[in-house]
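Visitor: I am new to this structure, and I would rather understand one part of it well than hear a little about everything. Please choose a single part, look at it closely, and connect it to what lies around it.

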Amino acid sequence: GTHAAGGNSTRKGPVRQSDRGAEARLSGPGKSAIVPSMIRTGIGYDSHRLAEGRRLVLGGVEIAHERGLQGHSDADVLCHALCDALLGAVADGDIGQHFSDRDAQWKDVDSTVLLGRVVERLGRAGWRVVNVDATVVAEAPRLAPHVPANRERLAGVLGVDLTRVSV
């Protein structure tokens, strides 16, 4: 899942910048109020078939393997799932709506570019990523040796501290 937030809030979750003032006005010493939830969480999922003659890229990191993932872009399922989770958290569609596999400009594109564009889109709408937690399900290859590089690469693309990225 992912969390995103707006402004300089310390809350875990997306917060519209306009909501911060409402909380300050409605709560405080001697006041009691119900404040609308300012936490949004998205869940993303992606799956691609393994294919001969393709690179295997996960979380923006190329992993040596005899097969890669089939897809229009580089087929990075980790980045794609994060795109869907972030877009879903703010009810802004999914990766297919924003980056159609029928559009030649996305052919073989590095999926960290797509993830970066999603982060920029959320930023323009007043949201920011707070943290992400992702799980990759695969029989092979062994992914544990690549997790530190995945976290580092994703933290850079998401614009968050490494401590806020879990893979």
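Guide: In this predicted model, the residues that line the largest pocket divide into 17 nonpolar, seven polar and three charged. That lining is made up of 27 residues, and those nearest the centre of the pocket are Asp46, Val77, Thr135, Val136 and Val137. The volume of the pocket comes to about 640 Å³. Two elements, strand β4 (56–58) and helix α2, each supply at least two residues of the lining, and α2 gives the most, with five residues. Helix α2 is therefore a suitable part to follow closely, since it contributes the most residues to the lining of this pocket.

The chain as a whole gives the setting for this helix. Its secondary structure comes to five helices and eight strands, and, read along the sequence, these follow the pattern β-α-β-β-β-β-β-α-α-α-β-α-β. Of the 167 residues of the chain, 41% count as buried.

Helix α2 covers residues 77–89. At 1.5 Å a residue, its 13 residues should span 18 Å, and its end C-alpha atoms are indeed 18 Å apart, so the expected and the computed lengths agree. How many of the residues of α2 are buried? Twelve of the 13 are, so the helix is largely enclosed by the rest of the structure. The buried residues begin with Val77, Leu78, Cys79, His80, Ala81 and Leu82, and they continue with Cys83, Asp84, Ala85, Leu86, Leu87 and Ala89. Val77 thus appears twice in this account, as a buried residue of α2 and as one of the residues nearest the centre of the largest pocket.

Two cysteines of the helix deserve a careful look. A search of the whole structure finds zero disulfides. Cys79 is in no disulfide, and the nearest cysteine sulfur to its own, that of Cys83, is 6.6 Å away. Seen from the other side, the closest cysteine sulfur to that of Cys83 is the one in Cys79, and because the two are 6.6 Å apart, they are too far from each other for a bond; the cut-off used for a disulfide is a pair of sulfur atoms within 2.5 Å. Cys79 counts as buried, at 0% relative accessibility, and Cys83 likewise counts as buried, at 0% relative accessibility. In general, an α-helix has 3.6 residues a turn, so residues three or four places apart point the same way.

The two ends of the helix can be taken in turn. Just ahead of α2, in the loop between β6 (67–69) and this helix, comes Ala75, whose phi is near 65 degrees, a positive value in a residue other than glycine. Ala75 is buried, with a relative accessible area of 0%. Asp76 caps the N-terminal end of α2, with a side-chain oxygen that lies 3.1 Å from the backbone nitrogen of Leu78. After the helix comes Ala91, found in the loop between α2 and α3 (95–98), and Ala91 too has a positive phi, near 55 degrees, in a residue other than glycine. Is Ala91 buried or exposed? At 67% relative accessibility, Ala91 counts as exposed, whereas Ala75 is buried. As a general background to these angles, most residues other than glycine have a negative phi, and most peptide bonds are trans.

A peptide bond elsewhere in the chain belongs beside that remark. Ala140 and Pro141 are joined by a cis peptide bond, with omega about 0 degrees, and Pro141 lies in the loop between β7 (128–133) and α5 (147–158).

One more pocket brings the account back to α2. The second largest pocket has a volume of about 240 Å³. It is lined by 13 residues, of which His72, His80, Ile95, Phe99 and Asp101 are the closest to its centre, and His80 is also among the buried residues of α2. The lining of this second pocket divides into four nonpolar, seven polar and two charged residues, while that of the largest pocket divides into 17 nonpolar, seven polar and three charged. The helix therefore takes part in the picture in two ways: it is largely enclosed by the rest of the structure, with twelve of its 13 residues buried, and it gives the most residues to the lining of the largest pocket.

Note on methods:
Residues are numbered from 1 along each chain as its sequence is written. This is a predicted model: local features need pLDDT of at least 70, side-chain atom pairs count only at pLDDT 80 or more; totals for chains, interfaces and linings use all residues. Side-chain values use heavy atoms; hydrogens and water are left out. Buried means under 20% relative accessible area, exposed over 50%, partly exposed in between (1.4 Å probe, protein chains only). Helices (H or I, at least four residues) and strands (E, at least two) are DSSP runs, numbered from the N terminus. The expected span of a helix is 1.5 Å times one less than its number of residues. A polar contact is a pair of N or O atoms within 3.5 Å; within protein, one must be able to donate a hydrogen and the other to accept it, and residues adjacent in sequence count only if both atoms are side-chain atoms. On a 1 Å grid over the protein atoms alone, a cavity is a set of points where a 1.4 Å probe fits but cannot get out, and a pocket is an open set with protein on both sides within 12 Å along at least five of seven lines; lining residues have an atom within 4 Å of a point. Grid points are joined across faces, edges and corners, and a volume is the space filled by probe spheres set on the points. Ala, Val, Leu, Ile, Met, Phe, Trp, Tyr, Cys and Pro count as nonpolar, Asp, Glu, Lys and Arg as charged, and the others, Gly among them, as polar.
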